[in-house]
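Thanks for passing this one along. Here are my notes, set out point by point so you can follow them with the structure open.

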Amino acid sequence: MGSIATIIWRDVRQSYASGGTWLPVIFYLSAATLFPFAVGPDRALLLQTGGGILWIAALLATLLPLDRLIQPDLENGVYDQMIVRGLSDEIIAAARLVSHWLSFGPPLLLAAFLASGLMGLEGAALGTLLASLAIATPALAGLAVMIAALTAGLRGAGALGGLLLVPLAIPLLIFGAGSLSTPGNSALLFLAAISLLLVAITPFAAGAALSAVRE
Amino acid sequence: MAEAISCTRGGRTLFRDLTFVLAPGQAGLLTGPNGVGKSSLLRLLAGLLQPSAGSCSVPVTKALCDDRLALDEQLPLEQALRFWARLDGGGQADVAAAMAKAGLSHLAEVPVRYFSTGQRQRARLARTYLTDARLWLLDEPANGLDSDSVNQLGTVLQSHLDDGGIVLAASHIALPITFDFNLKLAPLEDMEACL
């Protein structure tokens with residue numbers, strides 16, 4: 001347990017120290033800033049579509065850190081050294097999921113809070129948006145870790161990662177953005193179920209990819 | 001330790017029916033031409049590869065020192081090493097001792113990315129010295145080292161052996177310790193293990 005905390009702490013510190021954490025945040029805020037310029041400052045239209053746009057921006061922000069999640073440590077032999085010390089691929093992938101969420105989830109929620117002001121979202125709608133993103137960010141982090149592990153070592157991994165993420169993220173988008181327009185919390189519950197599923201399979205899928213790339 | 005192991009990489013069998021045993025306090029030297037499977041054998045023993053046939057049992061803790069640095073480039077050496085020390089259950093004193101053994105104490109505060117080839121190699125060795133592993137698997141440990149550093153490496157290896165540790169090294173550069181046996185890998189047909 002102590003060694004897992006050590007690994008997570010190293011990853012989180014590295015991510016915040018290198019500034020990699022703030023790239024998705026800046027991207028997210030830029031997208032939210034540009035949208036009102038593109039569709040015009042009509043308050044009713046912004047209220048209606050703003051939540052959906054913020055959700056799409058969150059998906060796209062997921063893609064930005066893909067190439068830095070697994071590839072550098074894999075190339076540098078860090079994972080090899082962990083395996084030699086008796087850690088399993090699944091544990092390594094699970095630790096990566098937690099550390100990636102810690103440097104991706106909270107900053108993205110902060111950015112969503114700031115960006116919602118630009119869309120004029122407030123009150124219950126703002127609460128629902130933040131709740132849906134809070135539920136979905138672990139799943140987005142899990143998808144990012146899985147795709148990064150699958151595409152590690154491939155050329156053009158970035159573009160391939162985008163192609164892989166889109167179909168896998170559609171259920172999250174449907175229920176996440178849907179929770180903004182449907183009354184009640186059924187969409188949030190579906191979102192939570194999908195999020196749990198993705199988080200649960202991440203250590204095994206990403207772990208299998210890590211072990212396959214070693215052969 | 002290894003019994004009749006074979007290794008296939010990329011559809012090509014590198015070695016077949018290789019059997020050898022290393023006892024505590026023994027050192028083995030692995031030689032052979034490039035691409036014959038020395039690194040693969042070391043990775044296999046480290047548990048990073050599976051043998052395509054046979055079995056190897058390594059009932060002791062192991063450390064691998066290959067061509068990958070596995071240290072955070074932007075961190076000072078001491079902090080980069082401390083990560084592995086924590087994973088191995090060690091502390092600050094272990095890091096200082098390992099750096100001293102590798103002759104890197106004066107570079108403790110220098111970020112790893114500024115290191116020269118020889119200094120990087122010594123950093124890899126320091127990462128290996130940190131572990132309390134009994135079996136050291138060394139892949140070309142003297143690469144890029146000057147002659148003083150090679151002698152220093154020999155001293156550390158000898159004291160590891162005297163403590164009952166085991167060393168298996170693949171090296172083209174003569175290492176200043178006595179090896180108990182020399183495992184000569186040759187392209188498959190004329191392979192033999194000389195004891």
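**Notes on the model**

1. I began at one loop residue: B:Glu73 sits in the loop that links E5 and H2 of chain B. Please keep in mind throughout that this is a predicted model. B:Glu73 is partly exposed, because 13 other C-beta atoms lie within 10 Å, and a residue needs 20 or more to be buried and 12 or fewer to be exposed.

2. What does B:Glu73 touch, leaving aside residues up to four places away in sequence? The partners are B:Val112 and B:Arg113. With B:Arg113 the separation along the chain is 40 residues, yet the two C-alpha atoms are 4.7 Å apart.

3. Stepping back to the whole chain, chain B has five helices and eight strands. Read from the N terminus, their order is β-β-β-α-β-β-α-α-α-β-α-β-β. Chain B has 195 residues, and 43% of them count as buried. Among its contacts with a separation of 6 or more, 69% are between residues 24 or more positions apart.

4. Helix H4 (117-130) of chain B deserves a look. Its 14 residues should span 20 Å at 1.5 Å a residue, and the end C-alpha atoms are indeed 20 Å apart, so the two agree. Since 11 of the 14 residues are buried, H4(B) is largely enclosed by the rest of the structure. The buried set includes charged side chains by name, with B:Arg122, B:Arg124 and B:Arg127 among them, alongside residues such as B:Leu125, B:Ala126 and B:Tyr129. These buried residues pack against E5, H2, helix H3 (92-101), E6 and H5 of chain B.

5. Helix H5 of chain B, residues 147-162, also passes the length check: 16 residues at 1.5 Å each should span 22 Å, and the end C-alpha atoms are 23 Å apart, which agrees. Which residues of H5(B) are buried? They are B:Leu153, B:Leu157, B:His160 and B:Leu161. Because they cover an arc of only 95° around the axis, they lie on the same side of H5(B).

6. The cover over those buried residues of H5(B) includes strand E3 (27-31), helix H4 (117-130), strand E6 (135-139) and strand E7 (166-170) of chain B. On the face turned away from the buried side are the exposed residues B:Asp148, B:Asn151, B:Thr155, B:Ser159 and B:Asp162. After H5(B) comes B:Gly164, with a positive phi near 90°.

7. Now the contact between the chains: 15 residues come from chain B and 14 residues from chain A. On the side of chain B that touches chain A, strand E5 (62-65) and helix H2 (77-87) each supply at least two residues. That side divides into nine nonpolar, one polar and five charged residues.

8. Finally, the largest nonpolar core holds 117 residues, and those touching the most other members are A:Leu54, A:Ala58, A:Val145, A:Ala149, B:Leu81, B:Ala126 and B:Leu137. Helix H8 (residues 123-151) of chain A gives the largest share of this core, 15 residues. Not counting residues up to four places away in sequence, A:Leu54 touches A:Ala32, A:Ala112, A:Ala115, A:Ser116, A:Met119 and A:Leu129.

Note on methods
Residues are numbered from 1 along each chain as its sequence is written. Chains are lettered from A and ligands numbered from 1 in the order in which they are written. This is a predicted model: local features need pLDDT of at least 70, side-chain atom pairs count only at pLDDT 80 or more; totals for chains, interfaces and linings use all residues. Two residues are in contact if their C-beta atoms, placed from the backbone, lie within 7 Å. Helices (H or I, at least four residues) and strands (E, at least two) are DSSP runs, numbered from the N terminus. A nonpolar core is a set of buried Ala, Val, Leu, Ile, Met, Phe, Trp, Tyr and Cys residues joined through C-beta atoms within 7 Å. The expected span of a helix is 1.5 Å times one less than its number of residues. The arc is that of the directions from the helix axis to the C-beta atoms.
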